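User: Please take a close look at the salt bridges of this model, and set them beside its nonpolar core.
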Amino acid sequence: MKFVTLAAATLLAATPAFAQDARSSQDFLKEAIQGNNAEVEMGKLAAARGGSKDVRDFGKMLSTDHAKAGAEARKVAGQIKLTPPTGIPPEAQETKAKLEKLKGAEFDKEFAVAMVEDHEKDIAAYTEQATNGDDNRVKGLATKQLPTLKKHLDMAQKLAPKGQ
């Protein structure tokens with residue numbers, strides 16, 4: 001009997017659906033809000049420091065789109081009684097600090113590569129949340145924002161140097 005109980009407990013602990021706790025949508029939403037904050041800042045930086053018109057225009061679009069997405073995410077946070085975080089994630093702070101030292105073509109290259117990597121990660125997280133999230137409001141938000149993230153990824157890939 002002890003073996004059966006232990007085996008069942010081990011199986012449940014190893015099951016991804018069981019491992020996903022009730023906070024997963026809240027955690028996603030916190031990260032999404034901070035990610036949107038970061039994209040607004042990165043977009044402003046690109047609009048100011050980009051060497052090409054395409055990068056500057058992309059930066060403006062990022063700022064606008066992610067400001068809107070952030071407002072929507074903060075609204076959902078209010079609906080689920082979650083205090084929205086402020087600031088940007090540490091990895092975005094590092095990227096921003098690196099980019100602030102660059103300008104022109106060098107900025108454009110590093111910015112585009114960073115935006116490709118960031119949007120690939122975002123799309124994976126938003127897809128996971130849209131599919132497996134534990135709160136329908138957060139799932140809906142993730143689903144709604146995926147097309148914009150995919151558009152941003154496509155544009156960043158076109159700006160990135162080939163082979164990156």
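Analyst: The account below takes up the core and then the charged pairs.

The model is predicted, so local features are reported only at pLDDT of at least 70 and side-chain atom pairs only at pLDDT 80 or more, while totals for chains, interfaces and linings use all residues. Residues are numbered from 1 along each chain as its sequence is written, and side-chain values use heavy atoms, with hydrogens and water left out.

The largest nonpolar core (buried Ala, Val, Leu, Ile, Met, Phe, Trp, Tyr and Cys residues joined through side-chain atoms within 4.5 Å) has 38 residues. Those with the most contacts inside this core are Leu29, Phe58, Leu99, Phe107, Phe111, Met115 and Tyr126. Two or more residues each come from helices H3 (24-49), H4 (53-79), H5 (90-100), H6 (104-132) and H7 (136-159); helices here are DSSP runs of H or I with at least four residues, numbered from the N terminus. H6 gives the largest share, nine residues. Beyond its neighbours within four places in sequence, Leu29 is in contact (heavy atoms within 4.5 Å) with Ala73, Val76, Ala77, Ile80, Leu82, Val138 and Leu141.

As for the charged side chains, those of opposite charge can pair when their charged atoms come close. A salt bridge is counted when a side-chain nitrogen of Lys or Arg lies within 4 Å of a carboxyl oxygen of Asp or Glu, and by this rule there are eight.

One of them joins Asp57 to Lys53, with 2.6 Å from N to O. Both residues belong to helix H4 and are four residues apart, about one turn of the helix. For accessibility, buried means under 20% relative accessible area, exposed over 50% and partly exposed in between, with a 1.4 Å probe and protein chains only. Asp57 is therefore partly exposed, at 30%, whereas Lys53 is exposed, at 54%.

Another salt bridge pairs Lys144 with Glu72 at 3.2 Å, N to O. This pair connects distant parts of the chain, since Lys144 sits in helix H7 and Glu72 in helix H4, 72 residues apart. Lys144 has a relative accessible area of 53%, so this residue counts as exposed.

In a further pair, Asp135 meets Arg137, and their closest N and O atoms are 2.9 Å apart. Here Asp135 counts as buried because its relative accessibility is 15%, while Arg137, at 41%, is partly exposed.

Finally, Glu41, Lys96 and Glu100 are linked in a network of salt bridges.
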